[in-house]
Amino acid sequence: MKNSARSWPTFVALFVALLGAFLAFPEPARATVVWTSTLEKGDLSEWSPGVNPTKTLPGGTVRKNVEVLGEQVYTGKFACKITVHPDDLFGQFVQDRVDIQHKSTLTDEGKDTWVSGHYMMPANAGVRNEFAFWESNVTSQNIMDFWVEPKASGGTTVNFGVGFLGATKLWTADFSIGKWHQVAIHVHWSVDKTKGSIDVWFDGQQVVTAAKAQTKPDTNTLFYQNGLHRKVMENFTDTIYFDDFIEADTMAEAQIAAPVQPGAVADAGTDAVDAGGNGGGGAGGVAGAGAGGGGGTAGAAGLTGAAGNVTGAAGSTVTGAAGQPTGAAGATGAAGTSGHGRSSGGCATGGRPETSALGLAAMLALTIGITWRRRRSG
């Protein structure tokens, strides 16, 4: 009994020390989505106003240069349509420009941002148009650009460069017309060109890796503009559609991936991708080829696949045996897919994988109690 009484404070001290050490262990960093734009509100409330959203024409008619419509969408019911015309002049400059803005919160010195978005042009670009670019608040200094421009042989290219209006081109590729493309960028922000860096992805493939550059023109924060901006005035129109944007502080949250075209079929002979619905039913069995007395009857259709998270494949068929009256039924269809919709904004929080502080405390307390009781019993 005397030994047990002396041991109890020792166990308490051990418990307190272990619990304190666990609580002091740093949690994994939080991964956060800071902004999304799906345009499913049917308006531009997810964006800030930009340049020339409307144009008052002679006679007083107001033309909408920026519209949220359902005529071309990547996912959901709405996307943003931007059209630039010869008379959409920008300030004192002889330039055509229509755009909208996103006020980023991740552009201070030393911070990182990942932004992804989807773009589609219904026709080839008539001239070079900046369609996504970073610009500084207060001083309005352009620092890096994505742009489209016509190819001499026909077609359109997509390009990325750093400096004023992308003066130093880092990448170019073909831009297919009438298809949705994902453009994504990671920027480490710095006024020091030896510290700033950029990564770029196009349709899920990395095309610029850790390019060193001055990513901040000065100490001001920056905003992200999307639209159509020409260096000069041109006598024709250009149109582009935008949909599904994410800004986050980690790559995983930005959901960088090859786009799935709306209405696309997952694979030949299988069901189309089903956005969270059921898998397709299995096909009926093939009629049996009877050696005598005629062929068998086609098998019954397989059961419909249950809702799930993978693409529903068509049920396989089974051939009826020779001489049998009926072919076997088709196999059950696989589960449906969740589709290619984007997640909404939110926070993915890192945490301890198995044991919380409260759980550990409970286990330690139980262990100490059992040990103390055994010592007392001894």
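User: Why is Trp 47 called buried?

Analyst: In this predicted model, the relative accessible area of Trp 47 is 8%. The term buried applies under 20%, so Trp 47 is classed as buried. Trp 47 is located in the loop between strand E1 (31-37) and strand E2 (54-56).

User: What makes Trp 47 a residue in contact with others, leaving aside its neighbours within four places in sequence?

Analyst: A contact requires heavy atoms within 4.5 Å. Trp 47 is in contact with Trp 35, Ser 37, Leu 39, Ile 100, Gln 101, His 102, Asn 226 and Phe 245, its neighbours within four places in sequence being left aside. In addition, 8.0 Å separates the C-alpha atoms of Trp 47 and Lys 103, which are 56 residues apart along the chain.

User: How do you know whether Met 120 is buried or exposed?

Analyst: Relative accessibility for Met 120 is 2%. Buried means under 20% and exposed means over 50%, so Met 120 counts as buried. Met 120 belongs to strand E8 (residues 112-120). Not counting residues up to four places away in sequence, Met 120 touches Gln 72, Gly 178, Lys 179, Trp 180, Ile 240 and Tyr 241. For one of these residues, Lys 179, the C-alpha atom is separated from that of Met 120 by 5.8 Å, with the two positions 59 residues apart along the chain.

User: Why does His 229 count as buried?

Analyst: The relative accessibility of His 229 is 5%. With the limit for buried set at under 20%, His 229 is therefore buried. The residue lies in strand E16 (residues 222-229).

User: What makes the pairing of the side chains of His 229 and Gln 95 a polar contact?

Analyst: The distance between these side chains is 3.0 Å. A polar contact is a pair of N or O atoms within 3.5 Å, one able to donate a hydrogen and the other to accept it, so the pairing of His 229 with Gln 95 is called a polar contact. Apart from residues up to four places away in sequence, His 229 touches Gln 95, Asp 96, Arg 97, Arg 128, Asn 129, Glu 130, Phe 133 and Leu 165.

User: Why is Gln 182 called buried, and what lies 3.0 Å from a polar atom of its side chain?

Analyst: Gln 182 has 1% relative accessibility, and the class buried covers values under 20%, so Gln 182 counts as buried. The residue is found in strand E13 (residues 181-188). At 3.0 Å from a polar atom of the Gln 182 side chain lies the backbone nitrogen of Ala 257.

User: How do you know which class Ala 254 and Gln 255 each belong to?

Analyst: Ala 254 is found in the loop between strand E17 (238-248) and strand E18 (279-281), and Gln 255 is placed in the loop between E17 and E18. Ala 254 has 0% relative accessibility and therefore counts as buried. Gln 255 has a relative accessible area of 27%; partly exposed lies between the limits of 20% and 50%, so Gln 255 is partly exposed. Ala 254 and Ala 184 are 70 residues apart in sequence, while their C-alpha atoms are 8.1 Å apart in space.

User: What makes the phi of Gln 255 and that of Ala 210 worth noting?

Analyst: Most residues other than glycine have a negative phi. Gln 255, which is not a glycine, has a positive phi of about 50 degrees. Ala 210 likewise has a positive phi, near 50 degrees. Ala 210 is in strand E15 (residues 205-212), and at 46% relative accessibility Ala 210 counts as partly exposed, because the value falls between 20% and 50%.

User: Which strands supply at least two residues of the lining of the largest pocket?

Analyst: They are strand E7 (93-103), strand E9 (129-136) and E16. E7 gives the most, with four residues. The lining comprises 16 residues, and Phe 90, Arg 97, Glu 135, Ser 140 and Phe 164 lie nearest the centre of the pocket. By type, the lining residues divide into seven nonpolar, seven polar and two charged. The space in this pocket is about 300 Å³.

User: How many helices and strands has the protein chain, and what share of its residues is buried?

Analyst: The protein chain has two helices and 20 strands. Of its 378 residues, 40% are buried.

Technical notes:
Residues are numbered from 1 along each chain as its sequence is written. This is a predicted model: local features need pLDDT of at least 70, side-chain atom pairs count only at pLDDT 80 or more; totals for chains, interfaces and linings use all residues. Side-chain values use heavy atoms; hydrogens and water are left out. Buried means under 20% relative accessible area, exposed over 50%, partly exposed in between (1.4 Å probe, protein chains only). On a 1 Å grid over the protein atoms alone, a cavity is a set of points where a 1.4 Å probe fits but cannot get out, and a pocket is an open set with protein on both sides within 12 Å along at least five of seven lines; lining residues have an atom within 4 Å of a point. Grid points are joined across faces, edges and corners, and a volume is the space filled by probe spheres set on the points. Ala, Val, Leu, Ile, Met, Phe, Trp, Tyr, Cys and Pro count as nonpolar, Asp, Glu, Lys and Arg as charged, and the others, Gly among them, as polar.
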